[in-house]
Amino acid sequence: MMEKLHVLIVDDDPNNRDRIRDFSEALLFANELNIETVNNAQQALQKLQGFGGNNIDLIVTDNSLPGLSGAEMAQQIRKNKYFGGVPIVMCTGDPEFERVKKLALNSGVNMVMHVPHSAEELLETYKSVLPPEAFVRPGGSDSKSHKPNIVDTRDPGPGHHPEPG
């Protein structure tokens, strides 16, 4: 288990923010788990600058945001010597997923997921960008066998189907 873990979720859709926050709370383990949400890239950049970037361990963002896109935000983050190394995961429901994925990865995003996604898919993505200690439960059990017991009853909207993995 990590001592501290600070996740910043950037999405202008409150349902998506809540869903990712709820999944993150169930999937990640730390003595001090801090999950913050903001509505846009400007707010995220202000948070990073306010913390000096050192206290943020993971950014989860949408691409379609008011003002700067998630990809544009990633480019600005990667240029900063203080917080440029923070892992960035993009969750997007853009109908042009492959185009957005390529743009995001070229902008410095570590992983791109299609929305909607399951808790299990988010767990696998988190495992690729966070240290193993983030998945060790209190008492030492490893979350490799951890199957999140999360049921999301929110309707993701018409035309949204998880991409087969």
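Set aside the neighbours within four places in sequence, and L28 is in contact with L5, V7, L33, Y126, L130, A134 and F135. That makes a handy way into this structure, which is a predicted model.

**The two cores**

L28 belongs to the largest nonpolar core, a set of 24 residues. L28 is listed there with L5, V7, L58, V60, Y126 and L130 as the residues with the most contacts inside the core. At least two core residues come from each of β1 (2-10), α1 (14-27), β2 (30-38), β3 (58-61), β4 (88-92) and α5 (119-129). Helix α5 gives the largest share, with five residues. There is also a second, separate core of 23 residues, and L8, L65, A71 and M73 are among its members. As a general point, nonpolar side chains in soluble globular proteins tend to be buried together.

**The overall layout**

Stepping back, the protein chain has five helices and five strands. Starting at the N terminus, they come in the order β-α-β-α-β-α-β-α-β-α. The chain has 165 residues, and 45% of them count as buried. If you take the contacts between residues at least 6 apart in sequence, 69% of them join residues at least 24 apart. The accessible surface adds up to about 8500 Å², with 47% of that belonging to carbon and sulfur atoms.

**Helix α1**

Now for the helices, beginning with α1. It has 14 residues and reaches 20 Å from first C-alpha to last, close to the 20 Å expected at 1.5 Å a residue. D13 caps its N-terminal end, placing a side-chain oxygen 2.8 Å from the backbone nitrogen of N15. The buried residues in α1 are R17, R19, I20, F23, S24 and L27. Looking down the axis of α1, these buried residues fall within an arc of 165°, so they line one face of the helix. The cover over them includes β1, β2, β3, β4 and α5.

**Helices α3 and α4**

In α3 (residues 70-78), the buried set is G70, A71, M73, A74 and I77. Down the axis of α3 they fall within an arc of 155°, so here too the buried residues line one face.

Then there is α4 (residues 97-106), where F97, V100 and A104 are buried. They cover an arc of only 65° around the axis, which puts them on the same side of α4. On the other side of α4, E98, K102 and N106 are exposed. What covers the buried residues of α4 includes α3, β4 and β5 (111-114). After α4 comes G108, which has a positive phi, near 110°.

**Four buried residues to look at**

Here are four individual residues, with where they sit and how accessible they are.

| Residue | Location | Relative accessible area |
|---|---|---|
| A119 | helix α5 | 6% |
| T125 | helix α5 | 6% |
| N63 | loop between β3 and α3 | 8% |
| N40 | loop between β2 and α2 (41-51) | 18% |

Why does N40 count as buried? Its relative accessible area is 18%, and buried means under 20%, so N40 makes the cut. Leaving out neighbours within four places in sequence, N40 is in contact with V10 and P66. The side chain of N40 also reaches the backbone nitrogen of Q43, at 2.8 Å. N40 and S69 are 29 residues apart in sequence, while their C-alpha atoms are 8.3 Å apart in space.

N63 is in a loop as well, the one between β3 and α3. What does N63 contact, leaving aside neighbours within four places in sequence? The list is S69, G70, A71, M90, C91, T92 and V100. Of these, G70 and A71 are among the buried residues of α3, and V100 is one of the buried residues of α4.

That leaves the two residues in α5. T125, again leaving aside neighbours within four places in sequence, is in contact with V89, M111 and M113. For A119, the partner to look at is I20: the two are 99 residues apart along the chain, yet their C-alpha atoms are separated by 8.6 Å. I20 is one of the buried residues of α1, and α5 is included in what covers that buried set.

How values were computed
Residues are numbered from 1 along each chain as its sequence is written. This is a predicted model: local features need pLDDT of at least 70, side-chain atom pairs count only at pLDDT 80 or more; totals for chains, interfaces and linings use all residues. Side-chain values use heavy atoms; hydrogens and water are left out. Helices (H or I, at least four residues) and strands (E, at least two) are DSSP runs, numbered from the N terminus. Buried means under 20% relative accessible area, exposed over 50%, partly exposed in between (1.4 Å probe, protein chains only). Contact means heavy atoms within 4.5 Å. Accessible areas come from the Shrake-Rupley method with a 1.4 Å probe; for residues, only the protein chains shown count as cover. A nonpolar core is a set of buried Ala, Val, Leu, Ile, Met, Phe, Trp, Tyr and Cys residues joined through side-chain atoms within 4.5 Å. The arc is that of the directions from the helix axis to the C-beta atoms. The expected span of a helix is 1.5 Å times one less than its number of residues. A polar contact is a pair of N or O atoms within 3.5 Å; within protein, one must be able to donate a hydrogen and the other to accept it, and residues adjacent in sequence count only if both atoms are side-chain atoms.
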